[in-house]
Amino acid sequence: MWRAPDWKWPWWQAIGCADTVRGWAYALTGAAWSLPPIAVALAVAAGAARSWPAGLRWVCFGAVFAALLAAAGRLRAVRARCVRLANRLLRTGLPAPVASPGAGRPDVLRTPAWLALHMAVGWAVVAVTGLLVMAAAVLPAVWLGGGERIALLGLSVRVAGGWRGGWAPFAAVGFLAVAAWVCAGAVAVLRSAAPALLGPRPAERLAALEERTRLLAGRNRLAQELHDSIGHTLTAATIQAAVAAELMEREPEAARRALSSIEESSRSAMDDLDHVLGVLREGKAPTAPQHTLGDLHALLERVRLTGTEVRADIDGDWARVPAAVSREAYRIVQEGLTNALRHAHRAPVTLRVAVTDDWLEAELSNPMAGARALGLTRPGRRGQGLAGIAERVRLLRGEVTTGPAPDGRWRLLARIPLRSAP
């Protein structure tokens, strides 16, 4: 069975088709950008140096033109536009310029050099391709018109009519091919020079890396906040649902209170979730107020609604606690209570929060068994709560101890220096 041959365009045809239009368009923009500074330089050279010799006027023109390029190159907006245009038409894939103060001063030489190269290549491509396209259009027209002698590109050429001038269409195709190669060559030259002249400097790479680090750190922090908030809510809601199921027949009023608490805590968790997702989508810093030690009593009431007895000893002058320490201490206590609910269902939990001269201490203890009987924990599963607590305490240069105590209870002790708040 006959099969059509698998024709594939040679690479030179791909270059001609893909880069010709982009190269010519980019060259045209370079030529167009050069018109305003050329007009200003010509006006200054013709007006201020009218009595000067022609040579000095050309020097004045070049000096004014170079000064205008240097001034434009120092503008971040100009460089950003150059990068965007190069990425779109040259497919360079350059990163956007960093506008943070850590990126240093704008380029003094590289951006003006790129502008000069872009304009020079632009005029060369526009002039050469214009002449070649004009020649490709004139030759067949003269041949079809019966032939005559024409002056083409500085040469006098006799184009005969009939079969003797049949070379004219092939010459026209050759001129078009050369024009395409000129455009592709201009793209290759500019594409190879773009990383050196438009690429990021070391200071900009460092600033971009720092900005990326801050973004990732903020996202990790939001993930930890979401883990603490949603994890606590889901744990409390699961236990409250079990309590409501047990009391539904015997104490319907208590069951209704448990269900109402589930509804309230779920709404609060949804608010936290909406806030965090909004921050992640918009890339902005979180602005919602965060919980502090002043909110501990409300947190304890929600835990007590699960049927868990919480013996709390909260003492100290909260005005002496820095805001960062207060926020982190609240999250530490919240995560500790969440772990207690998971592993010591409805068993007494002891909480002590105290402010001494230089330290804030938060201590929780609870029985080490209880929730597995209700299926609230999974054997072999390790959560992120203790790791998050350790990270928070470490960032504040504090100390944290977790593990079994001599009395057989699980104990969590976090000590945070008051002077360590960032």
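Helix H9 is largely enclosed by the rest of the structure, because 17 of its 21 residues are buried. The model is a predicted one. The helix covers residues 323-343, and at 1.5 Å a residue it should span 30 Å. Its end C-alpha atoms lie 31 Å apart, which agrees with that expectation.

The surface offers another view. Leu131, Met134 and Val138 form a nonpolar patch there, and together they have about 230 Å² of accessible area. Valine 138 belongs to helix H4, which runs over residues 110-144. The relative accessibility of valine 138 is 30%, so this residue counts as partly exposed.

Charged side chains come next. Side chains of opposite charge can pair when their charged atoms come close. Searching the whole structure gives seven salt bridges. One of them joins arginine 304 to glutamate 301, with 3.3 Å between the closest N and O atoms. Both residues sit in helix H8 (residues 296-304), and because they are three residues apart, about one helical turn separates them. An α-helix has 3.6 residues a turn, so residues three or four places apart point the same way. Arginine 304 is partly exposed, with a relative accessible area of 33%. Glutamate 301 is also partly exposed, at 46%.

The strands hold salt bridges too, and glutamate 363 takes part in two of them. In one, its side chain meets that of arginine 352, at 3.0 Å from N to O. This pair links distant parts of the chain: glutamate 363 is in strand S5 (residues 359-367) and arginine 352 is in strand S4 (residues 349-355), 11 residues apart. Arginine 352 is partly exposed, its relative accessible area being 26%. Glutamate 363 has a relative accessibility of 19%; buried means under 20%, so this residue counts as buried.

The other partner of glutamate 363 is arginine 411, and here the closest N and O atoms are 2.7 Å apart. This pair also links distant parts of the chain, with glutamate 363 in strand S5 and arginine 411 in strand S7 (residues 409-417), 48 residues apart. With a relative accessibility of 28%, arginine 411 counts as partly exposed. These contacts belong to a network: salt bridges that share partners join Arg352, Glu361, Glu363, Glu399, Arg411 and Arg415.

Key
Residues are numbered from 1 along each chain as its sequence is written. This is a predicted model: local features need pLDDT of at least 70, side-chain atom pairs count only at pLDDT 80 or more; totals for chains, interfaces and linings use all residues. Side-chain values use heavy atoms; hydrogens and water are left out. Patches are made of residues with over 30% relative accessible area and no salt bridge: like charges are joined within 9 Å, nonpolar side chains (Val, Leu, Ile, Met, Phe, Trp, Tyr) within 5 Å. Accessible areas come from the Shrake-Rupley method with a 1.4 Å probe; for residues, only the protein chains shown count as cover. A salt bridge is a side-chain nitrogen of Lys or Arg within 4 Å of a carboxyl oxygen of Asp or Glu. Helices (H or I, at least four residues) and strands (E, at least two) are DSSP runs, numbered from the N terminus. Buried means under 20% relative accessible area, exposed over 50%, partly exposed in between (1.4 Å probe, protein chains only). The expected span of a helix is 1.5 Å times one less than its number of residues.
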